[in-house]
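Please open the model in a viewer and keep the sequence panel visible. The stops below are arranged as a sequence of selections, each followed by a description of what is found there.

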Amino acid sequence: PLREDSEAGRFRADLYYRINGLTLNLPSLRERQDLAHVVNSMLHQLAPERNLCLSAELMSAFSAYHWPGNMRQLANGLRTAVALLDEGEMEISWDQIPDDLEEALQQLEGGMPGYQRTLGEGGSLADVSQAAVAQALELERGNMSAAARRLGISRTTLYRKLKVQRS
């Protein structure tokens, strides 16, 4: 806070009053009650010709997330998601968000959304992950995009998991 620094003599008072035209305290993204409106506004700015939205599941994860990077983190994540949308797609889902944001949201959500996970006796996390991937691929008849959606991860992450399993 420059005002306090100015009063304490750690910042020149004349410079403080030169740059201090208006003081406005904005709440951080995690404190805002209008996250859906902020997201929709950003999506409209990024792609005004399209009527884009987030999937309900992803919006729920966004609402629960603490956003350490605040508005820049959200803007960068949405910019990437819009760039990854196929032409004609109108809903942003887990497939389009950047991997680092996806991982942070997955940790918050407790892992893969919509998938019931249990560790059997002697089962490791790697075994459960491998079983989840195999089950999703089987249920989606080998369709990688659909399997990734079912698991709540991006296709890139699914390919990475398959590569690790084969190694």
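**A tour by selection**

Begin with N70, which is partly exposed because its relative accessible area is 28%, a value between the 20% and 50% limits of that class. The model is a predicted one. N70 belongs to helix α5, and its phi is near 55°, a positive value in a residue other than glycine.

Next, select W67, in the loop between α4 (56-64) and α5 (70-84). Is W67 buried or exposed? With a relative accessible area of 1%, W67 is buried, since the class covers residues under 20%. The phi angle of W67 is also positive, near 50°, and this residue too is not a glycine.

Now colour the whole chain by secondary structure. Nine helices and two strands make up the secondary structure. Read from the N terminus, the order of elements is α-α-α-β-α-α-β-α-α-α-α. The chain has 167 residues, of which 34% count as buried. Among contacts with a separation of 6 or more, 57% join residues 24 or more positions apart. If a surface is displayed, the exposed area comes to about 11000 Å², with 49% of it supplied by carbon and sulfur atoms.

Move to helix α1 (residues 2-7) and select S6. The relative accessible area of S6 is 12%, so this residue is buried. Which residues does S6 touch once its neighbours within four places in sequence are left aside? They are F11, R12, A13 and Y16. Add Y17 to the selection: the C-alpha atoms of S6 and Y17 are 9.5 Å apart, and the two residues are separated by 11 positions in sequence.

For a view of the surface, select L22, L24 and L26. These three residues form a nonpolar patch, and their accessible area together is about 400 Å². Within the patch, centre on L24, in the loop between α2 (13-19) and α3 (35-46). L24 counts as exposed because its relative accessibility is 60%, and the class begins over 50%.

The last stop is a pocket. The second largest pocket has a volume of about 240 Å³. Its lining consists of 14 residues, and those closest to the centre are L84, D86, D95, Q96 and R155. To see which elements give two or more residues to this lining, display α8 (144-151) and α9 (155-166).

Methods:
Residues are numbered from 1 along each chain as its sequence is written. This is a predicted model: local features need pLDDT of at least 70, side-chain atom pairs count only at pLDDT 80 or more; totals for chains, interfaces and linings use all residues. Side-chain values use heavy atoms; hydrogens and water are left out. Patches are made of residues with over 30% relative accessible area and no salt bridge: like charges are joined within 9 Å, nonpolar side chains (Val, Leu, Ile, Met, Phe, Trp, Tyr) within 5 Å. Accessible areas come from the Shrake-Rupley method with a 1.4 Å probe; for residues, only the protein chains shown count as cover. A salt bridge is a side-chain nitrogen of Lys or Arg within 4 Å of a carboxyl oxygen of Asp or Glu. Helices (H or I, at least four residues) and strands (E, at least two) are DSSP runs, numbered from the N terminus. Buried means under 20% relative accessible area, exposed over 50%, partly exposed in between (1.4 Å probe, protein chains only). Contact means heavy atoms within 4.5 Å. On a 1 Å grid over the protein atoms alone, a cavity is a set of points where a 1.4 Å probe fits but cannot get out, and a pocket is an open set with protein on both sides within 12 Å along at least five of seven lines; lining residues have an atom within 4 Å of a point. Grid points are joined across faces, edges and corners, and a volume is the space filled by probe spheres set on the points.
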